[in-house]
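Biologist: Could you take me through one part of this model in detail? I'd like to look at where the two chains meet.

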There are 2 protein chains.
Amino acid sequence: MKTTRLSSGISIRRTIAEGTEQQVQAVKEIIAAVRGEGDAALLRFTEKWDGAKLARLRVSPEEISEAVKRFDPQLLKDLAEAADNIRSYHESQKQEGYKLENQDGSYVAQRVTAIESAGLYVPGGTAAYPSSVLMNVIPAQVAGVGRIVLISPPGKDGTLSDGVLAAAHILGIEEVYKSGGAQAIAALAYGTESIAPVDKITGPGNIFVALAKREVNGDVAIDMIAGPSEIAIIADDTAYPDEVAADLLSQAEHDPMASAVLLTVSERLAEAVSREVQKQAAALPRHSIAEQAIEDHGMIYIGESLDQVIDAANELAPEHLEIMTEDAEGVAEKICHAGAIFIGRFSSEPVGDYFAGTNHVLPTNSTARFSSALSVYDFLKRTSIIRYSEKTWQQNKDKIARLARLEGLEGHARAVESRSWKKETHS
Amino acid sequence: MKTTRLSSGISIRRTIAEGTEQQVQAVKEIIAAVRGEGDAALLRFTEKWDGAKLARLRVSPEEISEAVKRFDPQLLKDLAEAADNIRSYHESQKQEGYKLENQDGSYVAQRVTAIESAGLYVPGGTAAYPSSVLMNVIPAQVAGVGRIVLISPPGKDGTLSDGVLAAAHILGIEEVYKSGGAQAIAALAYGTESIAPVDKITGPGNIFVALAKREVNGDVAIDMIAGPSEIAIIADDTAYPDEVAADLLSQAEHDPMASAVLLTVSERLAEAVSREVQKQAAALPRHSIAEQAIEDHGMIYIGESLDQVIDAANELAPEHLEIMTEDAEGVAEKICHAGAIFIGRFSSEPVGDYFAGTNHVLPTNSTARFSSALSVYDFLKRTSIIRYSEKTWQQNKDKIARLARLEGLEGHARAVESRSWKKETHS
């Protein structure tokens, strides 16, 4: 791995470009086609890009039950246990409304309700991730979203992966469609004959999915636009180089654009990890992806002090941050910006990817400075409620009218004052 | 006002177009200029578009204290009281983290922290709104944002409005800059010699501000892209037509694109409100704006039943919804989608715009289906924390490795398993 010394001048913040003009244009055309032609466009694009000629877009109940029957019962149990952990963690994110009332019965309040419908995009092909189904659906279910839909590109044989359908089954999701790419996002956003539109679209995808989500944003809500996966590890001489290397590679194997960074004060560790990464990468089934990611986006930063290393981690604001140092909890307390923090050597990052219960949909590209993991909050909305009594209005109407006139909005002032024009009042 | 009957076929959802290709291109060029040239570009654009030749971008402490001295003491008191109400309402939005721990000391946790810095754009000219300063700054302050910056275009004389500076003073904000439009957004996002960049940009603005916020989104966070203001009123024969009309006009006077909608079952009320709107509009200082808005975006919908009227309001998902009916609370309970609900005749919408304490930055364009008022939550971020003990790891490592291999991610499985390679362990 490349190694460099931290110095106060260099920026290690990460930014990834976002698609070419041609890709943006292609996505706009796909969305227009789906809005204009509906199902016909979806079926045509699915034949063209996924190689599958579908009779219908919706997955039948039989397809789901057969996939579940075929699926390894041990894995079904593992997925169900992971789902339980994820549900437990997210239950604590439920929000309640509140009401501030005065003696007259005047009040201001915040009402919290779930959005009505959500659509989850699930990538297909080599990246068909049942864990993504759990991570996106469960927060929506805990929030109380009434209608939750999955959409995923089929294989050439016109089927979805058993794992994805098994995960849907475990969660009780029955509305599943076969379609991928920008066309799937367009269908969720605007609807077709077969697919009713949703209010929010979440889930990962390739550049076309990301660009399509950006296009439809505003007409529907979207989750974050996730970039390639990232791991940063703060480690010292108490860490085992083979474990550090294995964890760096666990992200590097995702994507040639994935980033894997070690931050340390130990030159000895840096050298040992570098050797281990090379050795272990070569032995991975996805070694060419991992090696490319390490070559292009892997880096070992050596700092002069632990504080300098911590500052660099905060500037990087990585999606995943592991801490394997003597006082890992102490270091974690000084981390201001990270999507998720993994403390100690038994908290390897895949623990969070699959099982511990926290969400694996996390902010990338240094956006942990201002963004957070996907959560129940993402599927809730809040309505403000104001009720003024006659007395409270009487006490405050002149102030409100003055503030409106200060801003040149006479109509606002008159609206508040208009209530004085009558003798008899009922509220 | 135009009047039409509700029927099951028609959609009353609102969508507003978002700038021309030329405007988008102009905004991209402005942002590039600010990124390349910094202060020089800001000063040049300010001279060009605001007609002000500035010596420095930052407002001096003397400018603020002189503005406060000139400002009407009664209005200063009104603003301070509004600020207190807004602070009280938003205090209830503070979020705490949580930690779920097992007997081994393994835990998953959510840590909640404030973003480090936020920049508020304050429109200038005729729309210099001190109330916007309160509504944007206070949630950030309650969240605990460390650095809060205001930026606003100066008048031709190179000054900001006394009201905006007075509002900043009341809130203790000292970092205020003179710059407007897309160039101000670029400065907040990427920084210049005089202006350090921020992590999140909020605040309303014209189309160039909105497009610039869309461009920089991702590099920094932004609040919603707010469209023109909207009011919908559900009213029956217990409502006073003059009050309904005054409230419709209070939004119509904002902007020729503002929308004002009455939903009722009463033809008598519809006719009376229509007459009142015409009469009152003519008497407003901003009558040409209000009349244009009523002409283009005003509508009275007459339903056959209150339930039909409520369904229409939910489909519209208006920014502001007033309810002036016999059982206003009962109607409010059936509203699923609205930015803010104003119950009863003493809760005229300007009560919420200025004073009651709820936030006046609200979702427009039917996005209340999935969006919410600006809030403390918008200035907080959450970090997930995972700490597994050796025992918890031991109990679950095989499950995690199986789930990773199900997804074809051998490197993930090996990372978790790598911890078994050693005899002695320390966590």
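**Where chain B meets chain A**

Modeller: Sure, and keep in mind that this is a predicted model. Let's start with the polar side of things: across the interface of chain B and chain A there are 66 residue pairs in polar contact, counting pairs with both residues at pLDDT 80 or more. On the side of chain B that touches chain A, helix H15 (residues 390-406) of chain B gives the most, with nine residues. That side of chain B splits into 53 nonpolar, 39 polar and 32 charged residues.

As for charges, twelve salt bridges turn up across the interface of chain B and chain A. One of them links A:Glu329 with B:Arg387, with 3.1 Å between the closest N and O atoms.

Now zoom out to the whole contact. Here 124 residues of chain B are in contact with 124 residues of chain A. Between them, the two chains bury about 10,800 Å², and 55% of that is on carbon and sulfur atoms.

The backbone joins in too. Strand S14 (residues 380-387) of chain A runs parallel to strand S13 (residues 340-343) of chain B, and three bridges join the two. If you want a spot to centre your view on, try A:Ile386, which stands opposite B:Phe342 in S13(B). So much for the strands; for the helix that gives the most to chain B's side, go back to H15 of chain B.

Key
Residues are numbered from 1 along each chain as its sequence is written. Chains are lettered from A and ligands numbered from 1 in the order in which they are written. This is a predicted model: local features need pLDDT of at least 70, side-chain atom pairs count only at pLDDT 80 or more; totals for chains, interfaces and linings use all residues. Side-chain values use heavy atoms; hydrogens and water are left out. Contact means heavy atoms within 4.5 Å. Buried area is the accessible area (1.4 Å probe) that two parts lose on being put together, summed over both. A salt bridge is a side-chain nitrogen of Lys or Arg within 4 Å of a carboxyl oxygen of Asp or Glu. A polar contact is a pair of N or O atoms within 3.5 Å; within protein, one must be able to donate a hydrogen and the other to accept it, and residues adjacent in sequence count only if both atoms are side-chain atoms. Helices (H or I, at least four residues) and strands (E, at least two) are DSSP runs, numbered from the N terminus. Ala, Val, Leu, Ile, Met, Phe, Trp, Tyr, Cys and Pro count as nonpolar, Asp, Glu, Lys and Arg as charged, and the others, Gly among them, as polar. Two strands pair if DSSP finds at least two bridges between them.
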